[in-house]
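Student: I am new to this structure and should be grateful for a close look at a single part of it. Would you please consider the charged side-chain pairs, and then follow the chain from there into the sheet?

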Amino acid sequence: MKPPIRLLALDIDGTLLNPEFRISPVDLAALRRVQAEGIEVVVVTGRRHTFALPIVEQLGFDLWIISSNGAITRSLAGETFHRDLLPVETCRKLCAEMREFRGNTVLTFDTEAKGAIVLEHMGELNVSIQRWLEKNLQYINFVVPIENSLTHDPVQAMFCGTIALMQQAQAALAASGLEITVLRTEYEARDLSIVDVLNQRCSKGHALERWANFRGIPREEVMAIGDNYNDIEMLAFAGVPFIMGNASPEMRRNGWTLTLSNDQNGVAAAIEQVLGVRSS
């Protein structure tokens, strides 16, 4: 029997990764069997391409990665399909509008060298995203003022801090009048919110739709699994959307099919429910 889906889109953090930031053997086995069945797997993440690679490479098969919340679509081997960058002048205006949140601001660029990540200082960021900063230290440049790094279009800007502070940042962005996309990712247990600012109409959902169209796959044959607010557009596009059991109650009220949490092999459970693909 022909599988009901031809494309599986998969988020990383909170979905593919368990609370220990690992891929469970059960989820890994399920994904390998999916790929062996001839179903394409595409990873769709808020991470930068380079930061996603060590995770994606563990899957053990060739695939494409939609990174930076839809801004970059690139193969595991490094071939670029599409880039949707934030115009440099828009980013200059953004930095001016968000001066109050300068200590929470990070700019990212599409390079694998030092300067891929730019901030003015660790300060407030070190409190909220210390682990991420430590893992990416080789890519970080410190530039004051941060606008001086804008010699070419960045991939995105992001603001990181407590949920309450980032709610203020979202309000400021909404009032800015800039032609941008604003996406949020929240981790309530850590009181951490990441607000990503991308080019207008750039999202995981837009990028997944572009890729599915390129592959000639109708949305009815696209399955997606996610857990956070930046997955909303992706789940809304997919004909077969699954929300992780560890997602917030607000996310789980969207009517998407609920799978188990990321500490209970929720990815494998969703796959088995749709495809009957068992991990053992």
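Tutor: E186 is buried in this predicted model, its relative accessible area being 10%. Its salt-bridge partner is R184, and the closest N and O atoms of the two residues are 2.8 Å apart. Unlike E186, which is buried, R184 is partly exposed, with a relative accessibility of 22%. Elsewhere, D11, K204 and D231 belong to one network, joined by salt bridges that share partners.

In total, the structure holds twelve salt bridges. One of them brings the side chains of R47 and D13 together, with an N to O distance of 2.7 Å. D13 belongs to helix α1 (residues 12-16), whereas R47 is found in the loop between β2 (40-44) and α3 (49-56); the pair therefore ties together parts that are 34 residues apart in sequence. Both partners are buried: R47 has a relative accessible area of 11%, and D13 has one of 18%.

The salt bridge between E89 and R92 offers a contrasting case, its closest N and O atoms being 3.6 Å apart. Here the two residues lie in one helix, α4 (residues 88-97), and because they are three residues apart, about one helical turn separates them. E89 is partly exposed, at 46% relative accessible area. R92 is partly exposed as well, at 32%.

The loop that holds R47 follows β2, and this strand deserves attention next. Five of the five residues of β2 are buried, so the strand is largely enclosed by the rest of the structure. The covering applies to both faces: E40, V42 and V44 are buried on one side, and V41 and V43 are buried on the other.

Strands are paired with β2 as follows. Strand β1 (residues 7-10) pairs with β2 in the parallel sense over four bridges, and within this pairing L8 stands opposite V41. Strand β3 (residues 64-67) is also parallel to β2, with three bridges between them; the residue of β3 that partners V43 is I65. Between β2 and β3 the chain passes through α3, and the resulting β-α-β crossover is right-handed. Helix α3 lies across β2, β3 and β4 (72-75), and its direction makes about 135 degrees with that of β3.

These strands are part of an open sheet of eight, with mixed pairing, in the order β5-β4-β3-β2-β1-β12-β13-β14. At the edges stand β5 (80-83) and β14 (257-258); each has a single partner strand, so one side of each is left without a neighbour in the sheet. The partner of β14 is strand β13 (residues 240-243), which runs parallel to it and is joined to it by two bridges. Within that pair, I243 has L258 of β14 as its bridge partner. Helix α11 (residues 266-275) also packs on the sheet, where it touches β1, β12 (222-226), β13 and β14 and runs at about 155 degrees to β12.

To draw the account together, the buried pair R47 and D13 links helix α1 to the loop just after β2. Strand β2 is itself covered on both faces, and stands between β3 and β1 in the order of the sheet.

Note on methods. Residues are numbered from 1 along each chain as its sequence is written. This is a predicted model: local features need pLDDT of at least 70, side-chain atom pairs count only at pLDDT 80 or more; totals for chains, interfaces and linings use all residues. Side-chain values use heavy atoms; hydrogens and water are left out. A salt bridge is a side-chain nitrogen of Lys or Arg within 4 Å of a carboxyl oxygen of Asp or Glu. Buried means under 20% relative accessible area, exposed over 50%, partly exposed in between (1.4 Å probe, protein chains only). Two strands pair if DSSP finds at least two bridges between them. A crossover is right-handed if, with the strands pointing away from the viewer, the path from the first strand over the helix to the second runs clockwise. Contact means heavy atoms within 4.5 Å. Axes are lines fitted to C-alpha atoms, for helices over the stretch in contact, and angles run from 0 to 180 degrees between N-to-C directions.
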